[in-house]
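Good morning, colleagues. Thank you for making time for this short presentation. Please look at the sequence and the structure together as I speak.

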Amino acid sequence: MIDKQSPLPIYYQIQELIRKKIDKKEWQTGDVLPSERIFAEQYEVSRMTVRQAVTELVNEGLLRREKGRGTFVAEQKFTQTLQGLTSFTEDMKERGLKPSSRLVSFNVKEAAGKTARVLGLNDGEAVYEIQRIRLADHSPMAMETTYISKALIPGLTKNIVQNSIYEYVEAELGLAIGYGEQSLEAALAMKKEAELLEIELNDPVLLISRITHLQDKTPFEYVKSAYRGDRYKFSIQMPRNE
Ligand code: GLP
């Protein structure tokens with residue numbers, strides 16, 4: 001209920017009320033919200049206040065407005081911790097989602113430039129170049145381009161990369177994955193990414209670049225990914241060190 005005597009602004013109380021309904025799954029993804037008029041009458045607040053509350057939640061990505069149709073509960077973002085080195089397959093399984101991959105391309109190329117350098121290869125050595133769309137419960141989350149040294153990780157097949165690369169490296173090849181270095185930056189989806197990720201051109205994406213090393217420090221993969229900005233959010237615990 002809205003408490004008009006509370007020091008908390010009314011628009012904020014409305015937002016909390018909406019958040020709670022979504023948290024408790026009383027309102028679920030795709031559900032339409034009551035109109036501003038009904039909302040305002042029900043809680044005895046002005047339509048302006050309801051609009052302000054809803055607009056902020058739309059900007060935050062919790063709700064989604066469709067012209068002429070109303071306001072809906074948006075697909076909720078997936079929170080990915082930045083601590084620890086995990087695979088896409090592990091991340092999805094941990095949340096009870098079904099991971100899968102749509103293979104865009106699978107080639108063996110000659111390493112050159114930055115790819116050769118980060119993988120510690122000479123120009124001309126063989127690398128796999130694998131492009132995958134990663135899906136959770138059949139819906140696209142990210143597009144990944146992976147470069148892997150062929151000599152170090154032999155025997156990759158289309159079938160293997162449609163499942164988990166990390167599982168193949170560890171369980172099949174018996175190699176220990178050690179650590180990764182990763183960077184994140186914001187970008188706008190380009191034509192190909194937008195099509196494959198099923199978003200609009202220029203929608204926000206997060207570009208993630210990862211170099212992963214085996215336990216003996218040899219770099220084995222260089223990955224450039226574009227994660228859907230409307231699906232992902234990253235979190236990290238930050239202890240304050242001396
Ligand atoms: C995540 C990382 C990639 C890594 C992949 C391995 O998606 N961003 O850098 O290559 O996991 O996932 P999988 O073992 O499912 O192929």
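I shall discuss the ligand site, then one arginine in detail, then the salt bridges, and finally some points on loops and surface. Please bear in mind throughout that this is a predicted model.

Let me begin with the ligand. Which residues come nearest to it? There are 14 residues around the ligand, and those that come nearest are Thr89, Arg134, Glu144, Ser164 and Ile165. Several polar side chains approach ligand oxygens. In the side chain of Arg134, an N or O atom is 2.9 Å from an oxygen atom of the ligand. For Arg132, a side-chain N or O atom is likewise found 2.9 Å from a ligand oxygen. Glu221 also takes part, with a polar side-chain atom 2.9 Å from an oxygen atom of the ligand. How much of the ligand does the protein cover? On its own the ligand has 390 Å² of accessible area, and the protein covers 98% of that.

Arg132 deserves a closer look. This residue is placed in strand β5, which comprises residues 126–136. Is Arg132 buried or exposed? Its relative accessible area is 4%, and therefore Arg132 is classed as buried. Setting aside residues up to four places away in sequence, Arg132 touches a number of others, among them Ser101, Arg102, Leu103 and Val104. The same set of contacts includes Ala142, Met143, Glu144 and Thr146, and also Val161, Asn163 and Ile165. Two backbone oxygens are involved in polar contacts with the arginine side chain. A polar atom of the Arg132 side chain lies 2.9 Å from the backbone oxygen of Val161. The backbone oxygen of Asn163 is 3.4 Å from a polar atom of that side chain. The Arg132 side chain thus has polar contacts with the ligand and with the backbone at Val161 and Asn163. As a matter of distance, the C-alpha atoms of Arg132 and Lys25 are separated by 32 Å, the two residues being 107 apart along the chain.

A second arginine, Arg228, belongs to strand β9, residues 219–228. Because its relative accessibility is 7%, Arg228 counts as buried. Apart from neighbours within four places in sequence, Arg228 is in contact with Pro140, Met141, Leu197, Glu198, Ile199 and Pro204.

I turn now to charge pairing. Side chains of opposite charge can pair when their charged atoms come close. How many salt bridges are counted in this model? The count comes to 14.

Allow me to describe some of them. Glu66 and Arg64 meet through their side chains in a salt bridge, at 2.4 Å from N to O. Glu66 is partly exposed, because its relative accessible area is 27%. Arg64 is also partly exposed, with a relative accessible area of 33%.

Another salt bridge joins Glu129 to Lys109, where the closest N and O atoms are 3.3 Å apart. Glu129 lies in strand β5 and Lys109 in strand β4, residues 99–110, so this pair ties together parts that are 20 residues apart in sequence. As for burial, Glu129 is buried at a relative accessible area of 12%, whereas Lys109 is partly exposed at 40%.

A further salt bridge falls within a helix. Glu195 pairs with Lys191, their closest N and O atoms being 3.4 Å apart. Both residues lie in helix α8, residues 191–197, and they are four residues apart, about one turn of the helix. Glu195 and Lys191 are both exposed. Finally, a network of salt bridges links Glu16, Arg19 and Glu60.

Next, two backbone details in loops. Glu44 is not a glycine, yet its phi is positive, at about 55°. Glu44 is in the loop between α2 (36–43) and α3 (47–60). With a relative accessibility of 59%, Glu44 counts as exposed. Lys217 likewise has a positive phi, near 80°. The loop holding Lys217 runs between β8 (204–214) and β9, and Lys217 counts as exposed at 59% relative accessibility.

I conclude at the surface. Which residues make the nonpolar surface patch? Leu82, Leu184, Ile236 and Met238 make this patch, of about 390 Å². Leu82 is in the loop between β3 (78–81) and α4 (88–94). Its relative accessibility is 34%, and so Leu82 counts as partly exposed.

Thank you for your attention.

Note on methods
Residues numbered from 1 in each chain as written. Predicted model: local features only at pLDDT ≥ 70, side-chain atom pairs only at ≥ 80, totals over all residues. Heavy atoms only, no water. Patch = residues over 30% accessible without salt bridge, like charges linked within 9 Å, V, L, I, M, F, W, Y side chains within 5 Å. Areas by Shrake-Rupley, 256 points an atom, 1.4 Å probe, with all protein chains shown as cover. Salt bridge = Lys/Arg side-chain N within 4 Å of Asp/Glu carboxyl O. Buried < 20%, exposed > 50% of the residue type's maximum accessible area, 1.4 Å probe, protein only. Near = heavy atom within 4 Å. Polar contact = N/O pair within 3.5 Å; in protein donor to acceptor, adjacent residues only side chain to side chain. Contact = heavy atoms within 4.5 Å.
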